[in-house]
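Here are my notes on the model you sent round. I've gone from the overall picture down to single residues, so skip ahead as you like.

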Amino acid sequence: MSSTRAIKSLKRAFRTGLDDLLYLASVVVIVILVNAFLRGEGSLRVDLTEEGLYTLTPSTEDFVRDLPGKIQIKAFFSEGLQAPDHNLAQRVEDVLVDFEAASEGKLSYEIIFPDEESEEDEELAKGFGIEKVAIGHRDKNQVGLRLVYKGIAFVYGDKQEVINDVNASDLEYQITKALKNLVKTKDHKIGVLQGFGGPGADPQFLPSLQQAFESVYGGLILAEGVDLSTQDAIPSDIDALLILNVQEAVSAQAKMAIDQFLMQGKSVALFQSPSAADPRMQQLPFRMPIEHGLDELFEKYGVRLKQDLVLDREKNMVGLEFTSQGIAEVSIPTLPMLTGINRENILTKNLDAMVLPFSGSLELTEEALNASELRVSKLIESADSAVSRPAMGDLKLESLMTPSEDEQAGPLLLAVSLD
């Protein structure tokens, strides 16, 4: 590969890496922070194994038992649904039986099979907010679309929640989410640190994050900017704070506000790369350290943010390079494939693998490892084939693929939770 093509490939990798980091952070924050502050209110975890398909998790049972009042559930299903929905109504009823039993009389349900040609049945469904959805349909003569009912309505006093298109694969999750939205008495807010650069400064980031929250949690979670360059404290209605790849030194006043927030028992999630593109040479394969100023704060809580670069020359994402001979695959060691996932921790148990672009490694302090009152969980580690190198500036492909004497061998710690 010529040096020109290598540079172009790395430029594409750099842009892709930042996009992946933004998207990844949004998704992971949903998992980590939402579970962190909903822990006491009944987690939205779901057991999707065949053995536990119709068995509610203990947290769901606790939540349903503590519902504040009586709730009616009306489920509408068209007759003759084809696979994979052919037994959807029965599966929904099997789960609703468990919800009804766990509620100790607070939930009641009815399964309704409306006549699709009946205007009276259509009005009944519409009265509960249920609309037909289009699904693929095949018969012996043709393949097409069919408008069907496969929705559930939840009614609590004058409030109503609707699932218009039920998915058989995660029924407990869908029903629990609808019930939580139905009976919520306050908005849960996740604050995004602003004022020090990074994705949080992008005006499109908060709307994108809010859209992700709405897709997963309905109206349960709100995203709100917290600009600690202009305000002295984190608002009291913020339940958890996200620090996402700041690019400038966080001020002493802001670090004090974050420390006070943590001392209140609230949650902070930090996603921070140790390096960024050199603004003077953004088109070249060089990076420079980010002077974020967060080291002392997080070392106080037992985590060192190392100024290194994690590489994996064997297990990584592969990019495509267009050459005169055609398309060639290019290994990108700065996008390591991370499969050392902690399957015992609720925060990461359902993750198969992750990619954290341009990551640095973490180190736990002796105080954290020996503190009896602190629960430390290593969440994500690299493969044994990964290495870290302290010199992160040169990203030329030839340099990345050539081992150096100052590299530290894996596995390397990349994500941790302290509780």
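1. A word on terms before the tally: helices here are DSSP runs of H or I with at least four residues, strands are E runs of at least two, and both are numbered from the N terminus. Counted that way, the chain has 10 helices and 23 strands. Bear in mind throughout that this is a predicted model.

2. Some whole-chain figures to start with. The chain runs to 419 residues, and 47% of them are buried. Its exposed area comes to about 20,800 Å², of which carbon and sulfur atoms supply 50%. Take the contacts between residues at least 6 apart in sequence: 71% of them join residues at least 24 apart.

3. Next, the nonpolar interior. The largest nonpolar core has 28 residues, and the members touching the most others are Ile71, Val92, Phe99, Leu107, Phe154 and Leu179. Two or more residues come from each of helix H2 (58–65), strand S1 (71–77), helix H3 (88–102), strand S2 (107–112), strand S5 (150–156) and helix H5 (171–183). Which element gives the most to this core? That would be H3, with 7 residues. As background, nonpolar side chains in soluble globular proteins tend to be buried together.

4. Val92 is a good residue to click on. Leaving aside residues up to four places away in sequence, Val92 touches Phe77, Ile152, Val166 and Leu171. Another core, of 24 residues, lies apart from the one just described; Ala254, Ala257, Val303 and Leu413 are among its members.

5. Leu182 deserves a look too. This residue is found in helix H5. Is Leu182 buried or exposed? Its relative accessible area is 2%, and buried means under 20%, so Leu182 counts as buried. Again setting aside residues up to four places away, Leu182 touches Ile71, Phe154, Val155, Tyr156, Lys159, Gln160 and Glu161. As for Val162, 20 residues from Leu182 along the chain, the two C-alpha atoms are separated by 9.5 Å.

6. On aromatics, the structure holds 1 pair. The partners are Phe76 and Phe128, in a tilted arrangement with 6.0 Å centre to centre and 45 degrees between the planes. This pair links distant parts of the chain, 52 residues apart: Phe76 sits in strand S1, while Phe128 is in the loop between H4 and strand S3 (133–138). Phe76 is buried, at 0% relative accessible area. Phe128 has 17%, and the cut-off for buried is under 20%, so Phe128 is buried as well.

7. Both ends of H4 have something to show. At the N-terminal end of this helix (residues 119–127), Ser118 acts as the cap, with a side-chain oxygen 3.3 Å from the backbone nitrogen of Glu120. Just after H4, Gly129 adopts a positive phi of about 80 degrees.

8. Now the small sheet. Three strands make up an open sheet in the order S14-S21-S22, with antiparallel pairing. The edges are strand S14 (309–312) and strand S22 (408–409), each of which pairs on one side only. S14 and S21 are joined by 4 bridges in the antiparallel sense, and Asp312 stands opposite Ala386 in S21. On the other side, 2 bridges connect S21 (residues 386–389) to S22, also antiparallel. There, Val387 faces Ala409 in S22, and Ser388 stands opposite Gln408.

9. Still on S21, follow the side chains. Ala386 and Ser388 point one way and Val387 and Arg389 the other way, and all are buried. I'd check Arg389 on your screen, given that it is listed among the buried residues of this strand.

10. Last, the strand pair S20 and S23. Strand S20 (residues 376–381) pairs with S23 in the antiparallel sense over 5 bridges, with Val376 opposite Leu418 in S23. Why is S23 described as largely enclosed by the rest of the structure? Because 5 of the 6 residues in this strand (residues 413–418) are buried.

Notes: Residues are numbered from 1 along each chain as its sequence is written. This is a predicted model: local features need pLDDT of at least 70, side-chain atom pairs count only at pLDDT 80 or more; totals for chains, interfaces and linings use all residues. Side-chain values use heavy atoms; hydrogens and water are left out. A polar contact is a pair of N or O atoms within 3.5 Å; within protein, one must be able to donate a hydrogen and the other to accept it, and residues adjacent in sequence count only if both atoms are side-chain atoms. A nonpolar core is a set of buried Ala, Val, Leu, Ile, Met, Phe, Trp, Tyr and Cys residues joined through side-chain atoms within 4.5 Å. Buried means under 20% relative accessible area, exposed over 50%, partly exposed in between (1.4 Å probe, protein chains only). Contact means heavy atoms within 4.5 Å. Two strands pair if DSSP finds at least two bridges between them. Accessible areas come from the Shrake-Rupley method with a 1.4 Å probe; for residues, only the protein chains shown count as cover. Rings of Phe, Tyr and Trp (its six-membered ring) pair if their centres lie within 6.5 Å; planes under 30 degrees apart count as stacked, over 60 as edge-to-face and the rest as tilted.
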